[in-house]
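Please work through the following exercises with the sequence and the structure side by side, and try each task yourself before you read its solution.

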Amino acid sequence: DNNRGTFLQPFLTIDAAYNACKAGRGDRIYVRPGHTLSIANATTLVMDVSCVQIVGMGIGELRPTITFATATTASIPVSGANNLIANMIFKCNIASQDQMLDLTADALMVVGCEFREGTGTGVSFINADGSDADADRLKIIGCKFYAPTAGNMDNAIALAKDFTNVELIDNYIYGDFNTAGISVPAGGNAQVNLQIRGGEVTNLLTNVGAIVINGTGSSGSISNVLVKTDTKASSYDNGSLATDNV
């Protein structure tokens, strides 16, 4: 971590590279293929600088892999606005892990990443439950979420407070979820222009929906999404969002 952070003299850890970035400058971190990182708590990697991009290099299982272990509170807090996370694998190795990405900042983009259970199953993969409006313009695009083991998992994505212009686009979600694959609980029932477009959401848990929008105070739309559950009647609750081709 005392290196210069170049291709030939890289930093050892993502955290060191992130701490070398300057707020608002638009710095980009490239993470080499095969790089591994173990997250043991909520301070191993803290994304608290604005306008930083973390881009994984490699294809398939050669993508950089971040594993969560040791404590249920192991997570990556994201409090810097306008950040990007792309082409990374996130794996849960601790039972009942609270969440992988803990969001309290506007305009995070998560693109082409994979979130999965490992030797353990967590509670949520991506959770925005800080305060109203602190995760506006969140975009999750082309990601995969996989947690088929029954037991702990509440949801893949939770919007537990009220946000504006969140977009969930072309994501593949497959798991055994206690509340839903995509969940908007009572605390987030005033979403403004929430857009869920494309992709597929499967919930393996009997008689529980794949997408559940609590209440009727939200606006936006859900379109061109395939939902799969064991019971059609309980498979989907759009709240007050417009529905097209679901």
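**Exercise 1.** In which loop is the place of Asn-193? Find that loop, and then describe the backbone and the exposure of Asn-193.

*Solution.* This is a predicted model, and the steps below refer to that model. Begin with the location: Asn-193 belongs to the loop that lies between strand 17 (182–184) and strand 18 (194–197). Next, turn to the backbone, where the phi of Asn-193 is near 55°, a positive value in a residue other than glycine. To see why such a value deserves a remark, recall that most residues other than glycine have a negative phi. Finally, consider the exposure: the relative accessible area of Asn-193 is 33%, and because partly exposed means between 20% and 50%, Asn-193 counts as partly exposed.

**Exercise 2.** Carry out the corresponding steps for Asn-165, giving its place, its phi and its exposure.

*Solution.* Asn-165 is found in the loop between strand 14 (155–159) and strand 15 (167–169). Its phi is near 60°, which is again a positive value in a residue other than glycine. With a relative accessible area of 30%, Asn-165 is partly exposed.

**Exercise 3.** Describe how strand 3 is covered, and which strands it pairs with.

*Solution.* Start with the cover: strand 3 comprises residues 52–56, and 5 of its 5 residues are buried. Then look at the directions of the residues, for Val-52, Ile-54 and Gly-56 point one way from the strand, whereas Gln-53 and Val-55 point the other way, and all of them are buried. Now turn to the pairing, in which strand 1 (residues 27–31) is joined to strand 3 by 5 bridges, the two running parallel, and Ile-29 has Ile-54 as its bridge partner in strand 3. Strand 3 also pairs in the parallel sense with strand 6 (residues 84–86), over 3 bridges, and here Val-55 stands opposite Ala-86.

**Exercise 4.** What is the order of the strands in the open sheet of 8 strands, and which are its edge strands?

*Solution.* The order is 2-4-7-10-13-16-19-22, with parallel pairing. The edge strands are strand 2 (36–39) and strand 22 (226–228), because each pairs on one side only. Neighbouring strands of this sheet are turned by 10° against each other on average, direction ignored. As a last step, examine one pair: strand 19 (residues 200–203) and strand 22 are parallel and share 3 bridges, with Val-201 opposite Val-227.

Definitions and conventions
Residues are numbered from 1 along each chain as its sequence is written. This is a predicted model: local features need pLDDT of at least 70, side-chain atom pairs count only at pLDDT 80 or more; totals for chains, interfaces and linings use all residues. Side-chain values use heavy atoms; hydrogens and water are left out. Buried means under 20% relative accessible area, exposed over 50%, partly exposed in between (1.4 Å probe, protein chains only). Helices (H or I, at least four residues) and strands (E, at least two) are DSSP runs, numbered from the N terminus. Axes are lines fitted to C-alpha atoms, for helices over the stretch in contact, and angles run from 0 to 180 degrees between N-to-C directions.
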